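Dear colleague,

I am passing on the structure we spoke about, and below it you will find my notes on what turned up when I went through it. Please read them with the coordinates open beside you.

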There are 2 protein chains.
Amino acid sequence: MTLTHPQESRSSPPQARPGHELRVEKPLMLDCGVALAPFTIAYQTYGKLNQDRSNAILMCHALTGDQYAAEPHPITGKAGWWTTIIGPGKVLDTDRYFLICVNVLGGCMGSSGPAETDPATGKPWGLSFPVITIADMVRAEKLVIEHLGIETLFCVIGGSMGGMQVLQWAATHPELVFSAVPIAAAARHSAQNIAFHEVGRQAIMADPEWCAGNYLEQGRKPERGLAVARMAAHITYLSEQALHRKFGRSLQNRKAVTYGFDADFQVESYLRHQGIAFVDRFDANSYLYITRAMDYFDLAAEYEGVLANAFRNSPTRFCLISFTSDWLFPTSESRELVQALNAAAANVSFVEIETDKGHDAFLLDEPEFFATLRGFIEGCARHRGLATE
Amino acid sequence: MTLTHPQESRSSPPQARPGHELRVEKPLMLDCGVALAPFTIAYQTYGKLNQDRSNAILMCHALTGDQYAAEPHPITGKAGWWTTIIGPGKVLDTDRYFLICVNVLGGCMGSSGPAETDPATGKPWGLSFPVITIADMVRAEKLVIEHLGIETLFCVIGGSMGGMQVLQWAATHPELVFSAVPIAAAARHSAQNIAFHEVGRQAIMADPEWCAGNYLEQGRKPERGLAVARMAAHITYLSEQALHRKFGRSLQNRKAVTYGFDADFQVESYLRHQGIAFVDRFDANSYLYITRAMDYFDLAAEYEGVLANAFRNSPTRFCLISFTSDWLFPTSESRELVQALNAAAANVSFVEIETDKGHDAFLLDEPEFFATLRGFIEGCARHRGLATE
């Protein structure tokens with residue numbers, strides 16, 4: 001079996017496959033009380049569903065990710081965000097598993113969100129789109145899983161906000177989740193993380209081009225505000241050590257500082273580039289909505305404040321992974337989850353990966369991380385009767 | 001002897017004393033190559049210079065600090081930023097020492113900077129003000145010290161950017177500095193810190209009210225951009241633990257989240273307040289200039305890359321202080337300085353204070369910090385012949 005993505009093997013410029021879209025007419029009751037209908041959920045798949053429909057893996061994307069996990073991005077043309085681990089023979093082996101990646105509700109790559117058209121008005125939703133939560137994202141993902149005729153997911157996996165979705169899936173639908181891999185995640189968003197998100201939102205809202213959220217209708221775009229939001233967030237995705245190793249105090253194409261406000265230092269130039277590149281592919285209001293969903297995430301709160309209650313009698317096999325230099329979702333947050341899972345007598349393994357790459361390590365080439373994932377998934381496959389030999 | 005600030009003992013609303021201003025006609029050669037003249041340096045003093053002129057302490061302020069260290073701020077009316085340690089009988093005892101605090105060159109509380117009028121044009125300097133460095137700040141401070149007839153400073157002390165100035169003083173003028181106390185400081189600005197500063201600068205420059213730096217001339221003010229810059233920076237001044245302890249996920253005057261973009265969480269409301277309050281008292285261009293001066297700071301670079309060479313044969317007594325939860329200027333940066341000072345056979349003590357208050361701990365009520373400072377200064381006073389008994 002090969003990837004269903006013929007473009008990948010060609011040397012011609014990358015081109016996105018036509019994506020899948022699920023149009024839902026039946027209202028979806030959201031946490032905020034709004035019954036959303038009709039709406040669209042966009043997703044991509046890799047590999048093939050087996051006859052037993054027992055080999056499906058749901059990959060949940062992070063804040064600024066999307067469904068293009070293992071193929072060129074339709075806007076940027078860049079490789080998918082998880083090509084490192086998806087493919088034939090790779091950790092998420094497309095020869096053995098059927099991989100699904102859903103653009104989250106509130107996103108901006110085809111799923112209904114503030115940048116899409118409100119069918120009731122024919123105009124962009126903007127801020128009239130209902131505020132969504134991680135649980136709402138999971139509700140939308142479940143509709144896709146049902147649509148594909150999948151009764152049980154072999155695995156739900158994701159990093160950062162993806163990990164929050166994994167936890168929500170495991171808590172709400174333990175019987176549907178054979179194994180769960182929350183990576184660099186937490187059971188709730190911390191005060192510091194809410195604070196960084198709020199800076200990003202204020203940067204967007206401070207941009208006059210934001211137009212109180214109606215920029216699309218007015219043919220404008222808060223590019224500078226969104227770029228600043230991205231720059232601030234991007235620092236939190238890296239570790240101090242990684243920034244020091246990559247850039248230190250190196251100057252950008254110059255031998256001495258210029259005594260001015262140009263990007264004298266490489267780290268400034270790099271950050272500016274991160275900001276500018278981001279606005280091409282991301283919607284500013286989506287950024288508000290998705291950061292808000294993360295801020296609101298507090299799994300224990302749904303279970304009378306007792307996190308262990310989220311996992312009572314869970315049949316799911318958990319593997320938690322954290323990274324030593326991740327200060328956005330530090331190991332201590334994963335440990336809290338492990339304690340709760342142990343208190344609930346759940347089946348859990350936990351690995352802290354030694355790396356200086358920070359939070360973004362889950363997107364990077366990190367051999368120990370890959371080996372851990374491979375071992376866990378292989379073990380689960382054996383228990384699930386999916387082993388190759 | 002009492003504080004020379006009669007308002008402090010009254011219950012009436014605080015009012016600033018008239019400040020001191022030193023007008024300099026002789027050109028000051030800056031690192032960028034510009035000869036600045038004429039210019040003004042604003043400063044405040046507390047206590048009295050003794051007959052030997054041997055009891056002067058120079059306090060160097062941080063990025064957003066100013067010369068109002070121990071008296072109500074003339075704009076906000078709030079208590080000075082170091083009232084915790086300045087006063088009769090306090091650590092920096094105004095009954096015994098003559099304290100001087102100089103608004104840094106490039107600042108916005110009276111010293112020449114981008115918000116002041118360029119005498120050559122009669123218009124605000126804006127971005128035509130020369131870019132300054134930490135060494136330039138020290139050059140200006142030295143003029144004040146000379147103006148006051150002080151030959152040797154008993155102590156130069158400061159936190160954060162203030163600590164950078166202390167290090168520069170000790171390196172450039174070892175014979176003038178009897179003792180030096182760099183607190184929560186570093187010998188150079190790290191890549192991560194440059195990155196955070198760049199986010200702040202981009203937030204300011206993204207504000208259309210910034211007008212390419214000419215907002216004062218146009219009667220405008222980039223308040224929203226400056227507020228976002230302050231919000232981002234403020235997170236770095238606190239520790240994750242402090243944010244968790246102070247705010248956690250507590251909601252702001254509401255029982256449930258509102259599913260919107262108001263400040264649902266206390267930490268959001270707090271940050272917004274920090275941003276809004278800051279713009280009343282600080283100039284956006286000054287923020288650009290002073291952050292740039294910090295970014296450019298790299299003491300070893302002035303000494304062929306060997307930090308120890310900055311302190312060879314130094315007669316100065318050093319006391320370095322860091323805080324366990326400070327992630328902006330972590331203890332490792334102070335340790336590097338201690339190693340260099342030891343390599344130069346300098347007289348150095350070093351204390352890491354256990355606290356969860358983060359970088360801002362040097363401005364807060366921190367008994368172990370106070371005790372450390374008191375002990376060091378008392379010891380130096382004895383060696384200097386300034387002891388009371």
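The notes lean on pLDDT, which is the predictor's confidence in each residue, on a scale from 0 to 100. Please bear in mind that this is a predicted model; chain A has a mean pLDDT of 94, with 95% of its residues at 70 or more, and the model as a whole scores ipTM 0.93 and pTM 0.94. One stretch of chain A calls for caution, namely residues 1-14, where pLDDT stays under 50 and for which the model has 21 contacts beyond four places in sequence.

As for how the chains are arranged, chain A is superposed on chain B by a rotation of 180° with 0.0 Å of shift along the axis, at an RMSD of 0.0 Å, and the two copies are thus related as by a two-fold rotation axis. Both copies use the same surface, since 100% of the contact residues of chain A recur in chain B.

Between the chains, helix 4 of chain A (residues 223-237) and helix 3 of chain B (residues 191-206) have axes that come within 10 Å and cross at roughly 170°. Angles over 145 degrees count as roughly antiparallel, and so these two helices are roughly antiparallel to each other. Their crossing is left-handed. On the chain A side the contact includes A:Val228, A:Met231 and A:Ile235, and on the chain B side B:Phe196 and B:Val199 are among the residues involved. Sorted by class, this contact has nine nonpolar, three polar and one charged residues.

With best wishes

Terms used:
Residues numbered from 1 in each chain as written. Chains lettered and ligands numbered in written order. Predicted model: local features only at pLDDT ≥ 70, side-chain atom pairs only at ≥ 80, totals over all residues. Axes fitted to C-alpha atoms, helices over the stretch in contact; angles between N-to-C directions. Helix = DSSP H or I, 4+ residues; strand = E, 2+ residues; numbered from the N terminus. Parallel < 35°, antiparallel > 145°, perpendicular 65-115°, else oblique. Left-handed = near helix turned anticlockwise from the far one by under 90°. Contact = placed C-beta atoms within 7 Å. Nonpolar A, V, L, I, M, F, W, Y, C, P; charged D, E, K, R; others polar. Least-squares fit on C-alpha atoms with pLDDT ≥ 70 in both.
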